Amino acid sequence: MGMRDRELKLNSVSRYAKESPLFILEEHGHCEVPAGCGGVVLRWRDPLAGIPLRIRLYTAGECRMLLDGAEPPSARPVVPYGEHVLAFTVAEVDPGYIALMFAAVHRPAGDSHVDSTPEQTGETSILSTVDGTWRWTSTEPADDRWSGLDFDDTDWAPMEPRAGHRPPEGTGWDQAGYQVGQLAELGAVGLGVPDGTGPIWVRKTFHLAPDDATDGSVDGLPDGSLDSATGGSTDGGAAR
């Protein structure tokens with residue numbers, strides 16, 4: 001190869017093409033990204049590593065959420081394929097109102113803050129719903145094993161549907177109502193407990209398979225995020 005050929009190859013514009021046959025390029029544009037308003041953050045993502053789930057959460061009291069026994073690294077973690085468990089400790093509940101409402105979704109077509117190359121069309125959703133898989137107890141677990149996959153929660157009770165959230169104090173902005181409304185638009189159902197004031201411990205197991213991002217179903221339900229209304233918000237095959 002002569003010097004001229006090498007120069008043509010080294011200066012080829014194709015070297016800077018933002019495409020890959022193995023990875024997905026995500027372009028994040030939002031005022032909250034490090035680049036600031038008007039900036040973007042580029043991230044390469046391996047589609048074989050799992051599914052990026054944007055998490056939203058409302059709870060009636062202060063809450064600690066764990067995914068597979070650890071706090072998620074962000075509000076949009078890439079969750080590997082396989083079996084998983086969500087675990088929540090909710091400090092305060094009111095039997096008359098929603099104790100917990102949850103959604104973890106991957107809906108690239110409806111995400112105005114993230115553009116993907118190549119374009120992604122599949123959807124995955126994990127939602128709080130009245131299907132018996134969201135289980136709770138008011139008895140404090142003996143150790144941390146309760147937040148792991150191998151824990152037996154058959155003695156825990158299923159959560160019940162609740163339609164309303166605790167009204168805000170005073171006449172200020174109803175942040176809880178806003179968050180509950182956003183979760184309802186995603187398809188989440190408010191869940192509660194029949195008695196007690198808390199704390200309560202909640203578990204939900206789920207499974208992600210490689211075709212989850214294409215079939216749009218979760219837990220056998222139609223397709224339908226971590227925002228906590230207790231004092232702040234955090235964004236971040238078939239699933240069953």
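# Reading a fold, residue by residue

Tutor: Start with one residue. G187 is partly exposed, with a relative accessible area of 35%. Remember that this model is predicted.

Student: How do I read that percentage for G187?

Tutor: Use the cut-offs. Under 20% is buried, over 50% is exposed, and partly exposed lies in between. G187 has 35%, so G187 counts as partly exposed.

Student: Where along the chain is G187 found?

Tutor: In the loop between α2 and β14 (191-192). G187 comes just after α2 and takes a positive phi of about 110 degrees.

Student: Which non-glycine residue has a positive phi too?

Tutor: D68 does, at about 55 degrees, although D68 is not a glycine. Find D68 in the loop between β5 and β6 (78-79). D68 counts as partly exposed because its relative accessibility is 36%.

Student: Now D144. Is D144 exposed or buried?

Tutor: Apply the cut-off again: over 50% is exposed. D144 has a relative accessible area of 64%, so D144 is exposed. Its place is in the loop between β11 and β12.

Student: How do I read distance in sequence against distance in space?

Tutor: Compare two numbers for one pair. D144 and G69 are 75 residues apart in sequence, yet 7.8 Å apart in space, C-alpha to C-alpha. Try G187 and T129 as well. That pair is 58 residues apart in sequence and 8.7 Å apart in space, again C-alpha to C-alpha.

Student: Let's zoom out. How many helices and strands does the protein have?

Tutor: Three helices and 15 strands. The protein has 240 residues, and 43% of them count as buried. The protein exposes about 12800 Å², and carbon and sulfur atoms supply 53% of that.

Student: How do I check that a helix has a sensible length?

Tutor: Count its residues and allow 1.5 Å a residue. Helix α2 (residues 175-186) has twelve residues and should span 16 Å. The end C-alpha atoms of α2 are 17 Å apart, which agrees.

Student: Which residues of α2 are buried?

Tutor: A176, Q179, V180, L183 and L186. They cover an arc of only 115 degrees around the axis, so they sit on the same side of α2.

Student: What do the buried residues of α2 pack against?

Tutor: They pack against β4, β8 and β10 (124-127).

Student: And how do I read the two faces of a strand?

Tutor: In a regular strand the side chains alternate between the two faces of the sheet. Now take strand β4 (residues 54-59). Six of its six residues are buried. One side carries R54, R56 and Y58, the other I55, L57 and T59. Both faces of β4 are covered.

Student: How does β4 join β8, parallel or antiparallel?

Tutor: Antiparallel. Six bridges join β4 to strand β8 (residues 100-106). For one bridge, start at L57: its partner in β8 is F102.

Student: How do I read a sheet's strand order?

Tutor: Go from one edge to the other. One open sheet of five strands reads β5-β7-β15-β11-β12, and its pairing is antiparallel. The edge strands are β5 and β12 (157-158), since each pairs on one side only.

Student: How many bridges join β11 to β12?

Tutor: Two bridges join strand β11 (residues 135-137) to β12. In β12, A157 is the bridge partner of W136.

Student: Which residues touch the most other members of the largest nonpolar core?

Tutor: F88, L100, F102, W134, M159 and I200, out of 25 residues in that core. β4, β5 (63-67), β7 (82-90), β8 and β15 (200-208) each supply at least two residues of this core. The largest share is four residues, and that share comes from β15.

Student: What does L100 touch?

Tutor: Leave out residues up to four places away in sequence. L100 then touches L57, Y58, T59, F88, V90, S128, W134, M159, V189, G190, L191 and V202. Apart from the largest core lies another core, of twelve residues. Among its members are A176, V180, L183 and A188.

Student: One last feature. Which residues does a cis peptide bond join?

Tutor: G198 and P199, with omega at about 5 degrees. P199 lies in the loop between β14 and β15.

How values were computed:
Residues are numbered from 1 along each chain as its sequence is written. This is a predicted model: local features need pLDDT of at least 70, side-chain atom pairs count only at pLDDT 80 or more; totals for chains, interfaces and linings use all residues. Side-chain values use heavy atoms; hydrogens and water are left out. Buried means under 20% relative accessible area, exposed over 50%, partly exposed in between (1.4 Å probe, protein chains only). Two strands pair if DSSP finds at least two bridges between them. A nonpolar core is a set of buried Ala, Val, Leu, Ile, Met, Phe, Trp, Tyr and Cys residues joined through side-chain atoms within 4.5 Å. Contact means heavy atoms within 4.5 Å. The expected span of a helix is 1.5 Å times one less than its number of residues. The arc is that of the directions from the helix axis to the C-beta atoms. Accessible areas come from the Shrake-Rupley method with a 1.4 Å probe; for residues, only the protein chains shown count as cover.
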